[in-house]
Amino acid sequence: MSREPHLILEPLGQQPETDTILSFVRTAEHAKFDAVLFPDLAGEFEPTTLLATLAAATSHIGLITTGSTAHHEPYHLARAIASIDHISKGRVGWHVATAHDDGEALGLDVHADPNGRAEEFLDVVTGLWDSFDDDAFSRDKQSGLYFDPERMHALGYNGKHLSVAGPLNIARPPQGRPVIVADSSADDLRFADVVFSDQRDLAEAARFYAAIKSQAAEFGRAPGDITVFSTLPVITGATADHIESWFHAPAADGFTVAFPYQPGALDDFVEQVIPELRRRGLFRHEYTGTTLRDHLGLARPLSRYATGLLQ
Amino acid sequence: MTRNLTLGALVNAGGGHVAGWRHPEAHAAGLMDFDFHAELATTLERGRFDTLFIADAVAVWGHQLDSLSRTARAERFEPLTLLAALSTVTSHIGLVATATTTYNEPYHIARKFASLDNLSHGRAGWNIVTSIVPFEAANFGRAEHLEHSLRYRRADEFVDVVRRLWDGELTHHEGEHFTLRGPVTISRPPQGHPVLFQAGSSDTGKDFAARHGEVLFTVQPELAAAQAFYTDIKARVGKAGRDPDTVLVWPVLSPLVADTETEARRRAAELDELIHDDVARRLIQDAIGDLDLSGHSLDGPVPDIPETNRSKSSRDVLLGLARKENLTIRQLAHRISGGSIVAGTPEQLADRMELWFSEGGADGFNVSFPYLPGPAVDFVEQVMPILRRRGLVPAEYEGSTLRDNLGLPRPEVVR
């Protein structure tokens, strides 16, 4: 259970040029948001490319990319996200989308069973991230051993939809496994670190929250392993009250809020709501950790091969 | 207008030499160290290199773990994310990423490179490769590896679609390999098209390069062969209906400088001594074909090798070299290891570059540093000033985009 609610910022509206996007993210970092979550919209910058730029220009804030399991090859997406985790020193997240309607327009494969593919896709990506044990790379000049072959694992995945040999050609990400963000409709709780709750009503949201936390056990996870986020309604003078009552119900561990990119759009929230939350002990004054998992109060997962159950 | 000598810097933190990471002055953990890359990029920009260049593979290269585990080749940043990040610590240097047409889709490539071009304000380049490593196919659910000529046909259509996406023209495409029902919207690149790089050396490869490449890489240890390649490829460019002056030929150059030639050669030999036997054998196998060398002494001759689906061109070049110079397996491996290191004084390096540049062997070079960061710093501080003094390279960046700095025209809209 988090000690304080978390805040994730989402940009709203047409994407502007680079400097304005960067300014938006820096404002969020200055205000100590947990993360900024970027959509993947037609006509906008490819999100992993954008996030890599933002990673190099920031130091603490989390950066979450949206990536569709229908539109990508898991090897490429796993690679790009792991790469950003290294560049950002552990601040990347992946918002899993399963959107598949416009694949044909883009020249991408259309899948008869997008949900089946999504489930395998998650298996593959999380498996690829474990390709090298944390201590696989000794990079020892003296002995000449760059990495220990015993600590490298070829995934060898052969499913109904996906066949991926691995290994991924990148060291294990700093977060072990980048943060995985799932939509409310997701029934796959094997890997989700963040789940969005769609409820508008406090009582229903509290029921949803309790259901998710108890379902965690069915997937071999502790209730604290999954954080539930709710979207804030229109910001008013009562927003701090809303956050407080939902957090304590409990109906949410964190909240998402959306603002346009333009400078000034965030001002009211940053200058009024966040200080009020801090006065009530409901938001951080400083980042106390360095990774997105740290900010969200999530443990760093062990490699699937570290448990000794898999070779 | 004076023709400038143009220069790319191959960024491989482990070094171009297979044992480069073991050099006493190398940063062994550099491969996944972003700060190291950032510092390197700013050094190279200070030296006024035209581009950074990142090679790639979409697999861990190899199943021979004994040798692989002794090289720095098993891990790397994904190129586009690395370059996008480096765009924030640089302002002028070009950012060229390798991406394969075999295991990607045109939409993704067009979009990523357009994004990089926008994020970097017009500095992106795409090194087009058609993959030659079977391990890669297995990461994309494909058991078989595309046969040599088929992958070039796919690549032709791929590049055509990508360019039309960059032009904002694509509402519908139906071809042998790709069907896009459209319409597709991606952000327009400031350069019109990111600059296209290519490295084909087989006949099919050279024709492909002549059709699409604006900067063409080649591996040419000797001037005569470099001149022959240069003449041949420029003729092919002309036959493809393009102006040969709008295409640059860049042989790879692997420099190691020191105050004296003797000292430079000593430094090169020092690197070769760091190569493990298993690595030496694997170098030959990777370059020419998966033959069993375990029964052959490393200090004996190179055996004959049958053709494979691997790169035909490197096999011919290397076998020819081995026969011509009576090289042992170990000696041939040492040649491959650093991509023929050119060891000498800064003046000697500058002389060699000037000779190739003025005698029809090169329009520029893709510089591969045997290990990092030392040779890169040495080149920037000792060789570049000589090239500037000789009027071969400008003192400052004069253009605002990579295209401008390379003296390349804006492409016409593809119809």
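**Exercise 1. Describe the contact between chain B and chain A: how many residues does each chain give, and how much area is buried?**

Step 1. In this predicted model, chain B brings 58 residues to the contact and chain A brings 55 residues.

Step 2. The area buried between chain B and chain A is about 4,800 Å², and carbon and sulfur atoms give 59% of that area.

Step 3. Turning to polar pairing, the interface of chain B and chain A holds 32 residue pairs in polar contact, with both residues at pLDDT 80 or more. On the side of chain B that touches chain A, the elements giving two or more residues are helix 1 (34-46), helix 2 (65-68), helix 3 (79-86), helix 4 (106-119) and strand 6 (179-180) of chain B. Helix 4 of chain B gives the most to this side, with 8 residues, and by class the side of chain B that touches chain A has 30 nonpolar, 16 polar and 12 charged residues.

**Exercise 2. Find how many salt bridges lie between chain B and chain A, and place the partners of Arg79(A) and Lys89(A).**

Step 1. The count between chain B and chain A is 5 salt bridges, while a search of the whole structure finds 47 over all chains.

Step 2. One of the pairs joins the side chains of Lys89(A) and Asp35(B), with N to O at 3.2 Å.

Step 3. Arg79(A) forms a salt bridge with Asp56(B), and the closest N and O atoms are 2.6 Å apart. This pair crosses between chains, from helix 3 (residues 74-88) of chain A, where Arg79(A) lies, to the loop between strand 2 (51-54) and helix 2 of chain B, where Asp56(B) lies. Both Arg79(A) and Asp56(B) are buried.

**Exercise 3. Which parts of the sequence do the salt bridges Glu286(A)–Lys32(A) and Glu214(B)–Arg403(B) tie together?**

Step 1. The side chains of Glu286(A) and Lys32(A) meet in a salt bridge at 3.3 Å, N to O. Glu286(A) lies in the loop between helix 7 (267-279) and helix 8 (292-296) of chain A, and Lys32(A) in the loop between helix 1 (18-30) and strand 2 (35-38) of chain A, so the pair ties together parts that are 254 residues apart in sequence. Lys32(A), at 14% relative accessibility, counts as buried, because the cut-off is under 20%.

Step 2. In chain B, Glu214(B) forms a salt bridge with Arg403(B), the closest N and O atoms being 2.7 Å apart. Since Glu214(B) lies in the loop between helix 7 (203-212) and strand 8 (215-218) of chain B and Arg403(B) in helix 15 (residues 402-406) of chain B, the pair ties together parts that are 189 residues apart in sequence.

Step 3. Glu214(B) is buried, with a relative accessible area of 9%, and Arg403(B) is also buried, with a relative accessible area of 2%.

**Exercise 4. Is Thr100(B) buried or exposed, and which residues does its side chain reach through polar atoms?**

Step 1. Thr100(B) is found in strand 3 (residues 94-100) of chain B, and with a relative accessible area of 5% Thr100(B) is buried.

Step 2. A polar atom of the side chain of Thr100(B) lies 2.9 Å from the backbone nitrogen of Thr102(B), and the side chain of Thr100(B) reaches the backbone oxygen of Val129(B) at 3.5 Å.

Step 3. Leaving aside residues up to four places away in sequence, Thr100(B) touches Val58(B), Val129(B), Thr130(B), Ser131(B) and Phe158(B).

Notes:
Residues numbered from 1 in each chain as written. Chains lettered and ligands numbered in written order. Predicted model: local features only at pLDDT ≥ 70, side-chain atom pairs only at ≥ 80, totals over all residues. Heavy atoms only, no water. Contact = heavy atoms within 4.5 Å. Buried area = accessible area lost by both parts, 1.4 Å probe. Salt bridge = Lys/Arg side-chain N within 4 Å of Asp/Glu carboxyl O. Polar contact = N/O pair within 3.5 Å; in protein donor to acceptor, adjacent residues only side chain to side chain. Helix = DSSP H or I, 4+ residues; strand = E, 2+ residues; numbered from the N terminus. Nonpolar A, V, L, I, M, F, W, Y, C, P; charged D, E, K, R; others polar. Buried < 20%, exposed > 50% of the residue type's maximum accessible area, 1.4 Å probe, protein only.
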